[in-house]
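Biologist: I'm new to this structure and would love a close look at one part of it. Could you start there and then walk me outwards?

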Amino acid sequence: MNFKTILYEISEQIAIITINRPDKLNALNHLTLQEVDRAFESISENDEVKGVLLSGAGGKAFVAGADISEIQKLSLEEGKSFARYGQAIFNRIENFSKPVVALIDGYALGGGCELAMACHLRFATEKSKFGQPEVNLGLIPGYGGTQRLPRLIGKSAALEILLSGGMLSSERALQLGLVNKIIDAEKLLDEGKALLKSILSKGPLAIKYVLETVNRGLDMPIAKALRLEADYFGMACASDDMKEGTSAFLEKRSANFQGK
């Protein structure tokens with residue numbers, strides 16, 4: 001696949017997508033969003049790819065935000081369309097059936113913070129900075145920031161970030177639960193790969209079902225969400241993976257999952 005604004009490679013069943021506009025601090029423009037979407041569509045159709053790492057090139061930013069030059073002249077209806085387009089792509093990532101890990105080295109601001117939040121897990125470096133600075137421009141987040149941030153860290157902490165337009169250190173982001181772990185920059189890619197390899201050694205259907213039940217159940221009343229969990233538990237019980245996994249455990253051997 002040919003891309004102009006992202007790098008895309010597959011290694012050891014892991015797809016690595018790198019936002020590649022370092023001269024713009026990897027700011028998201030329309031083409032970049034299109035290419036990210038194309039990459040995820042390709043991954044969804046490739047059974048050999050089991051997980052995704054998402055990063056930014058240049059060592060200064062994961063993604064420093066959206067391309068302001070594209071936003072400045074938007075009308076009301078154009079603004080709605082602009083937001084809905086990005087939301088649809090980020091929703092695809094959040095609801096992806098394969099685990100997606102964001103590797104954040106540097107700024108993750110505005111659309112970059114929103115992109116990171118759409119990923120299932122987030123690793124950061126000590127120099128990483130997070131924030132939703134849209135209010136400084138007379139804007140609000142448009143790619144899910146007002147919705148995912150409160151769900152991840154709670155309403156009060158999210159409102160402080162959204163209303164202040166300030167930046168968080170990686171340490172504060174870790175305290176709030178916005179990131180899962182802080183890693184030395186030179187080890188970021190290797191640890192991301194190691195995490196995914198560990199996840200991918202588990203039952204493939206179980207991984208898919210966990211992602212689906214968590215994503216779908218979060219917005220349900222607890223009673224309905226528990227019924228959803230029971231349904232998926234039953235589906236897992238009926239799978240060949242469950243039979244293999246439980247047999248391997250009882251026989252004290254490594255499981256050979258087939259994703260069936």
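Is the crossing of helix 1 and helix 3 left-handed or right-handed?

Modeller: Happy to help! The model is predicted, so local features need pLDDT of at least 70, side-chain atom pairs count only at pLDDT 80 or more, and totals for chains, interfaces and linings use all residues. Residues are numbered from 1 along each chain as its sequence is written, and side-chain values use heavy atoms, with hydrogens and water left out.

The crossing of helix 1 and helix 3 is left-handed; that term applies when the near helix is turned anticlockwise from the far one by less than a right angle, while a clockwise turn is right-handed. Helix 1 covers residues 30–44 and helix 3 covers residues 76–94, and their axes come within 10 Å and cross at roughly 30°. Here axes are lines fitted to C-alpha atoms, for helices over the stretch in contact, and angles run from 0 to 180 degrees between N-to-C directions. Helices (H or I, at least four residues) and strands (E, at least two) are DSSP runs, numbered from the N terminus. Helix 1 and helix 3 are therefore roughly parallel, a label for angles under 35 degrees.

Which residues make the contact (heavy atoms within 4.5 Å)? On helix 1 they are His30, Leu33, Gln34, Val36, Asp37, Phe40, Glu41 and Ser44. Helix 3 brings Tyr85, Gly86, Ile89, Phe90, Arg92 and Ile93.

Helix 3 also has helix 4 (residues 111–118) as a partner: their axes come within 8 Å and cross at roughly 30°. That makes helix 3 roughly parallel to helix 4 as well. In this pair, Phe90, Ile93 and Glu94 of helix 3 meet Gly111, Glu114, Leu115 and Ala118 of helix 4. Phe90 and Ile93 thus appear in the contact with helix 1 and in the one with helix 4.

Just ahead of helix 1, have a look at asparagine 26, which is found in the loop between strand 2 and helix 1. Asparagine 26 has a positive phi of about 60° although it is not a glycine. Most residues other than glycine have a negative phi. At 0% relative accessibility, asparagine 26 counts as buried (under 20% relative accessible area, with exposed over 50% and partly exposed in between, using a 1.4 Å probe and protein chains only). Glutamine 13, in the loop between strand 1 and strand 2 (14–19), has a positive phi too, of about 70°. With a relative accessible area of 39%, glutamine 13 is partly exposed.

Those strands lead us to the sheet. It is an open sheet of six strands in the order 1-2-3-5-7-10, with mixed pairing; two strands pair if DSSP finds at least two bridges between them. Strand 1 (6–11) and strand 10 (181–182) stand at the edges with a single partner strand each, so one side of each is left without a neighbour in the sheet. Strand 5 (residues 100–104) and strand 7 (residues 121–124) pair in the parallel sense over four bridges, and alanine 102 stands opposite arginine 122 of strand 7.

Our last stop is glutamate 186, in the loop between strand 10 and helix 8 (188–200). At 63% relative accessibility, glutamate 186 counts as exposed.

Conventions:
Angles under 35 degrees count as roughly parallel, over 145 as roughly antiparallel, 65 to 115 as roughly perpendicular and the rest as oblique. Contact means heavy atoms within 4.5 Å.
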